[in-house]
Amino acid sequence: MMVTSVAPVNIAVIKYWGKRDEDLILPINDSLSGTLSVDAMCTKTTILASSTLKENIFLLNGKKQSFENPRLLNCLQEIRSRANPGLPQLNWNLSICSENNFPTAAGLASSAAGYACLVHALAALFQIEGDISAIARRGSGSACRSIFGGWVQWCMGSSPTGEDSIARPIAPASHWPEMRVLILVVDDQKKKYSSTTGMQRSVETSKLLEYRATEIVPKKIEAMKEAILMKDFESFARITMEDSNQFHAVCLDTFPPCVYMNDTSHAIVNMVHTYNKFKNSSKVSYAFDAGPNACLYLLDSVVDEIFSVINYVFPPVTSHQADYITGIPITREPI
Ligand code: PMV
């Protein structure tokens, strides 16, 4: 038996940061994201189940991985426990082959697409129906949001066993068809510390995190839902940028600090604010995950202009950059 699934990444506009239960992956705050279209950045996973397979196999981007990954096993166990016990494939070994069409573990939500895709494919293989977002959550928290398209809220839930910590669609992508996301890849290398390590450290040491989770995020979630439902880009952009900034402030308030953004990330922030000031309104917004890469949310009408601005501020490779690569540093001021 063979199934193939494809799942896109999602980019949070209200970030998830901090767990109240590490094993069950239960967050300390709700989060909200946009799921990219499936023809953009996505994971494709094919699972073969066969009675003749000698062992379980897991390949990620063509490289063999350990099957003993606890998160993978948790997802598998949850799926198997919901399946009809009479299914023969429940006892067969699996060959899982997963590929991302974008940099993996570089702070570009690869685990969100990856686990959403894995769980979707497993659910098809074992004929599971109903909401599978809580199962995807066991792989990677943010993965539960990629189970749905469009605008999605992950409700933190209150149950200690996590059955109400699920994703819920807020509005389909068709609700705001003019919305676009530009991903500016600043660095495609693996991030310095995983989000798991960063979150753990923030929960243990950041005083700002608790304030954010209890006082700020609940209000922001409501304001963000309203901005999306009203298609109010100005408010949407402001809340998105404020939340990204606060999330990175928490990372810096962590001890030792988790520094995810770099000088180029800050130059992008500068570029966006300069452009918005010039336009007298927020036409573009940024969101940075646990890495230096920028996700710009903007409307279709400004994409061409923003492309020109990006090319001006960060020119394509020139002889100057070649000089830089050969060791002569250049400086470039944002507009
Ligand atoms: O799901 P994880 O463990 O990869 O954590 C994702 C955390 C952020 O990307 C920084 C924020 C979010 O809500 O996606």
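**Group meeting: a walk through a predicted model**

Of the 335 residues in this chain, 41% count as buried. Keep in mind that this is a predicted model. Let me start with the whole chain and then go inside.

The chain has 9 helices and 14 strands. Along the principal axes, its C-alpha atoms fill a box of roughly 65 × 45 × 40 Å. How does the radius of gyration fit a compact globule? For 335 residues, such a globule would have a radius of gyration near 20 Å. The chain has 21 Å, so the two agree. Now contacts. Take those with a separation of 6 or more: residues 24 or more positions apart account for 72% of them.

Next, the core. The largest nonpolar core has 86 residues. Which of them touch the most other members? Ala116, Val119 and Leu122 do. Helix 2 gives the most to this core, with 11 residues. That helix covers residues 110–125. Let's pick alanine 116 and look at its contacts, leaving aside neighbours within four places in sequence. Alanine 116 then meets Ala7, Ala136, Ala143, Ser146 and Ile147.

Now the ligand. It is surrounded by 14 residues. The closest are Ala12, Tyr16, Ser142, Ser195 and Asp289. By type, the shell divides into 5 nonpolar, 7 polar and 2 charged residues. Helix 2 supplies at least two residues of this shell, and so does helix 4, at 195–205.

On to the strands. Strand 5 runs over residues 31–35, and 5 of its 5 residues are buried. What about its two faces? Both are covered. Ser31, Ser33 and Thr35 are buried on one side, Leu32 and Gly34 on the other.

Strand 5 has partners. One is strand 2, residues 10–14, which pairs with strand 5 in the antiparallel sense over 4 bridges. In that pairing, isoleucine 14 stands opposite leucine 32. Alanine 12 has serine 33 as its bridge partner. Ala12 came up a moment ago, among the closest residues to the ligand. Another partner is strand 10, residues 150–154, which is antiparallel to strand 5 and joined to it by 5 bridges. There, serine 31 stands opposite tryptophan 154.

Is strand 2 itself enclosed or open? 5 of its 5 residues are buried, so strand 2 is largely enclosed by the rest of the structure.

Step back to valine 9. Valine 9 sits in the loop between strand 1, residues 2–8, and strand 2. Why does valine 9 count as buried? Because 30 C-beta neighbours lie inside 10 Å, and the cut-off for buried is 20 or more. Again leaving aside neighbours within four places in sequence, valine 9 is in contact with Leu36, Met41, Cys42, Leu108, Ala109, Ala112, Ala113 and Ser146. Ser146 also appeared among the contacts of alanine 116. How far is valine 9 from glycine 34? They are 25 residues apart in sequence, and 8.8 Å apart in space, C-alpha to C-alpha.

Compare alanine 223. Alanine 223 belongs to helix 5, residues 207–230. With 17 other C-beta atoms within 10 Å, alanine 223 is partly exposed. Not counting residues up to four places away in sequence, alanine 223 touches Ser235 and Ile239. Phenylalanine 102 is 121 residues away along the chain, and the two C-alpha atoms are separated by 32 Å.

Last, some backbone details. Most residues other than glycine have a negative phi, and most peptide bonds are trans. Here are some exceptions.

The peptide bond from phenylalanine 255 to proline 256 is cis, with omega near -10°. Proline 256 is in the loop between helix 6, at 233–253, and helix 7, at 263–279.

Isoleucine 25 has a positive phi, near 55°. Its place is the loop between strand 3, at 19–21, and strand 4, at 26–27. Isoleucine 25 is buried, with 24 other C-beta atoms within 10 Å.

Asparagine 61 also has a positive phi, near 50°. Asparagine 61 lies in the loop between strand 7, at 57–60, and strand 8, at 63–65. Buried or partly exposed? With 14 other C-beta atoms within 10 Å, asparagine 61 is partly exposed.

That's the tour. Thanks for listening.

Definitions and conventions:
Residues are numbered from 1 along each chain as its sequence is written. This is a predicted model: local features need pLDDT of at least 70, side-chain atom pairs count only at pLDDT 80 or more; totals for chains, interfaces and linings use all residues. A residue is near a molecule or strand if its C-beta atom, placed from the backbone, lies within 6 Å of it. Ala, Val, Leu, Ile, Met, Phe, Trp, Tyr, Cys and Pro count as nonpolar, Asp, Glu, Lys and Arg as charged, and the others, Gly among them, as polar. A nonpolar core is a set of buried Ala, Val, Leu, Ile, Met, Phe, Trp, Tyr and Cys residues joined through C-beta atoms within 7 Å. A residue is buried if 20 or more other C-beta atoms lie within 10 Å of its own, exposed if 12 or fewer, and partly exposed in between; C-beta atoms are placed from the backbone. Two residues are in contact if their C-beta atoms, placed from the backbone, lie within 7 Å. The radius of gyration is taken over C-alpha atoms; the globule rule is 2.2 Å times the number of residues to the power 0.38. Two strands pair if DSSP finds at least two bridges between them.
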